[in-house]
Amino acid sequence: MAAGRGPRDGEGGPPLHVKARGALPRLHAITDERIARRRDLVEVARQLAAAGGQHLALHARGRALSGLEHYELAVRLSVSPTVLFVNDRLDVALAAGATGVQLGTGSLAPADARRINPGWWIGKSVHDLREAEAAHAGGADYLLVGPVFPTATHPEREPLDPGQVREIARLGLPVIAIGGVTPERVRELTDLAGIHGVAAIRGLWDAADPMYAVRQMLEALEQR
């Protein structure tokens, strides 16, 4: 089914205008509540998008945000031509015309999300092999796997070791590694078989030079 075709097409309702899916980006810049409320959000998003192009996805994420705040965040991240993903809020993803959705532990199953819009990239956040196997069986297109390094976002979680990440990658789905990822640390991940890309919060949004950080990460990924 072509991207942009939703479950209401042909049923008398307005068509769902979802951006063409294209290839899964290798670099994912994810927001949190703090970043969502930054005054320079749009400017930094423009810089990230300018450096990453279609290799970069901007994720509208904020667990404590209201539905309206989450939607406004997604709209602000759409100021530049870029690949937009929305985390957890499928209603916001539909309204904002997102290319993909990222499902957390408490979200719908990937198969259920696909019934809402078959054109999305549908990712699932996993923290071990058991969760990865369930996501694979449930129809996820890719896996967000972490943490791969110690991270202030989830200080209570032990980082996965390389062997654990390799086991997950052997399931055959593209793996996006997350958790404490910085431009310098991307090179430590490039030897892991099955790593498609990386995701970062502070490593991109808080970088002194966001465009340089994007280029460094993409260059490291291209050396795999």
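**A cis peptide bond and a closed barrel**

Pro 147 sits in the loop that connects β6 (142-145) with α7 (162-169). This is a convenient place to enter the structure, which is a predicted model. The peptide bond leading from Gly 146 into Pro 147 is cis, and its omega is near 0°. Arg 157 also has its place in the loop between β6 and α7. When neighbours within four places in sequence are set aside, Arg 157 is in contact with His 127 and with Pro 147, the residue that follows the cis bond. Arg 157 is partly exposed, because its relative accessible area is 30%, a value between the 20% under which a residue counts as buried and the 50% over which it counts as exposed. Between Arg 157 and Gly 179 there are 9.8 Å in space, taken from C-alpha to C-alpha, while the two are 22 residues apart in sequence.

A second backbone detail is found at Asp 88, in the loop between β3 (83-87) and α4 (90-96). Here phi is near 70°, which is a positive value in a residue other than glycine. With a relative accessible area of 30%, Asp 88 is partly exposed.

With these loops in place, the view can widen to the whole chain. It contains 10 helices and 8 strands. Of its 224 residues, 51% count as buried. The chain exposes about 10100 Å², and 52% of that area is supplied by carbon and sulfur atoms. For contacts between residues at least 6 apart in sequence, 60% join residues at least 24 apart.

How are the strands arranged? They form a closed barrel of 8 strands, in the order β1-β2-β3-β4-β5-β6-β7-β8, with parallel pairing. From one strand to the next, the twist averages 25°. In general, strands of a sheet pair through backbone hydrogen bonds, in either a parallel or an antiparallel sense.

Strand β1 (residues 27-30) pairs with two strands, β2 and β8. Towards β2 (residues 56-60), the pairing is parallel and made by 4 bridges, with Ile 30 standing opposite His 59. Towards β8 (residues 195-200), 3 bridges join the strands, again in parallel, and Leu 27 has Val 198 as its bridge partner. The side chains of a regular strand alternate between the two faces of the sheet. In β1 both faces are covered: Leu 27 and Ala 29 are buried on one side, and His 28 and Ile 30 are buried on the other.

Strand β2 can be read in a similar way. Of its 5 residues, 5 are buried, and the strand is mostly covered. Leu 56, Leu 58 and Ala 60 point one way, whereas Ala 57 and His 59 point the other way. His 59, which stands opposite Ile 30 of β1, also has a bridge partner in β3, namely Phe 85. In total, 4 bridges join β2 to β3, and these strands run parallel.

Further along the barrel, β4 (residues 100-103) and β5 (residues 121-126) pair in the parallel sense over 4 bridges. Within this pair, Gly 100 stands opposite Trp 121 of β5. Helix α6 (residues 129-137) lies across β5 and β6, and it runs at about 160° to β5.

What is the geometry between helices α2 and α3? The axes of α2 (residues 41-52) and α3 (residues 67-77) come within 9 Å and cross at roughly 45°. That angle makes α2 oblique to α3, because angles under 35 degrees would count as roughly parallel and those from 65 to 115 as roughly perpendicular. At their contact, Leu 41, Val 42 and Ala 45 of α2 meet Leu 73, Arg 76 and Leu 77 of α3. The residues of this contact divide into 5 nonpolar, no polar and 1 charged.

Terms used
Residues numbered from 1 in each chain as written. Predicted model: local features only at pLDDT ≥ 70, side-chain atom pairs only at ≥ 80, totals over all residues. Heavy atoms only, no water. Buried < 20%, exposed > 50% of the residue type's maximum accessible area, 1.4 Å probe, protein only. Pairing = 2+ DSSP bridges. Axes fitted to C-alpha atoms, helices over the stretch in contact; angles between N-to-C directions. Contact = heavy atoms within 4.5 Å. Parallel < 35°, antiparallel > 145°, perpendicular 65-115°, else oblique. Nonpolar A, V, L, I, M, F, W, Y, C, P; charged D, E, K, R; others polar. Areas by Shrake-Rupley, 256 points an atom, 1.4 Å probe, with all protein chains shown as cover.
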